[in-house]
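Me: I would like a close look at a single part of this protein, with attention to the charged and nonpolar side chains along it. Please describe what can be seen there in one connected account.

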Amino acid sequence: MSVPGPSPPDGVLTGPPDCLRAGEPMPGLSDTSPDEGLVEDLTVEDRAVEQLAEGLLSHYLPDLQRSRQALQELTQNQVVLLDTLEQEISKFKECHSMLDINALFTEAKHYHAKLVNIRKEMLMLHEKTSKLKKRALKLQQKRQKEELEREQQREKEFEREKQLTAKPAKRT
């Protein structure tokens, strides 16, 4: 017999199963045909597969569970980061919209100043047109008065000429 060394982890096989005796070939490795001893091989293989599966699970399951827990924590942290990122994005959008609003107010002030200037110009043009209309009316009245006076003067001259022209004497 050999000196026992450190024991392998639970479920890990280090040699052939206990059901095989020394000197017997391992199932599936014999030089016989594949159909010989099939039923006996299946029971031994089923137990071996079960033991191997248990060993594999016991070896990797704790690491997998820790990995799953770490992934869950990472996922939660990622969700928190995404929420924080969305909040920051909304803050940036608010700041950007505030800049847009400030630009709109600046533009509104600019256009208001333009409107005030246009209104002043319109009032000034209205005053000028009013003065021009009054002046035109006065000029028209003056012309009419002058024409009336000329017409009256012509009539007077015509009457005077009529009176001055010799009249034939009446025969009696």
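Reply: The part to examine is helix α1, which spans residues 38–164 and includes L56. The model is a predicted one, and the account below should be read with that in mind.

Some context for the whole chain comes first. The protein contains one helix and zero strands. Of its 172 residues, 3% are buried. The protein exposes about 16,900 Å², and carbon and sulfur atoms supply 59% of that area.

A group of acidic residues is a suitable starting point. E45, D46, E50 and E54 gather on the surface as a patch of negative charge. Of these, E45 lies in helix α1. With a relative accessible area of 35%, E45 is classed as partly exposed, because that category lies between the limits of 20% for buried and 50% for exposed residues.

A nonpolar group on the surface comes next. L56, Y60 and L64 form this patch, and together they have about 330 Å² of accessible area. L56 belongs to helix α1.

The salt bridges may be taken in turn. In general, side chains of opposite charge can pair when their charged atoms come close. The structure holds four salt bridges, and three are described here, beginning with the one between K91 and E88. The side chains of K91 and E88 meet with an N to O distance of 3.8 Å, a value that lies within the 4 Å cut-off for a salt bridge. K91 and E88 are three residues apart in helix α1, so about one helical turn separates them. Both partners retain some accessibility: K91 is partly exposed at 47% relative accessibility, and E88 is partly exposed with a relative accessible area of 35%.

A basic patch follows. K128, K131, K134 and K138 gather on the surface as a patch of positive charge. K134 is found in helix α1. The relative accessible area of K134 is 58%, and therefore this lysine counts as exposed, since the threshold for that class is over 50%.

Two further salt bridges complete the account. R150 and E146 meet through their side chains, with 3.8 Å from N to O. Because R150 and E146 are four residues apart in helix α1, they are separated by about one helical turn. R150 is partly exposed, with a relative accessible area of 46%, while E146 is partly exposed with a relative accessible area of 31%.

E151 forms a salt bridge with R154, and the closest N and O atoms of this pair are 3.2 Å apart. E151 and R154 both lie in helix α1, where a separation of three residues corresponds to about one turn of the helix. E151 counts as partly exposed, at 36% relative accessibility.

In summary, helix α1 carries the salt-bridge pairs K91 and E88, R150 and E146, and E151 and R154. Helix α1 also holds K134, a member of the patch of positive charge, and E45, a member of the patch of negative charge. L56, likewise in helix α1, contributes to the nonpolar patch on the surface.

Conventions:
Residues numbered from 1 in each chain as written. Predicted model: local features only at pLDDT ≥ 70, side-chain atom pairs only at ≥ 80, totals over all residues. Heavy atoms only, no water. Patch = residues over 30% accessible without salt bridge, like charges linked within 9 Å, V, L, I, M, F, W, Y side chains within 5 Å. Areas by Shrake-Rupley, 256 points an atom, 1.4 Å probe, with all protein chains shown as cover. Helix = DSSP H or I, 4+ residues; strand = E, 2+ residues; numbered from the N terminus. Buried < 20%, exposed > 50% of the residue type's maximum accessible area, 1.4 Å probe, protein only. Lys, Arg positive; Asp, Glu negative; His and termini not counted. Charge placed at Lys NZ, Arg CZ, Asp CG, Glu CD.
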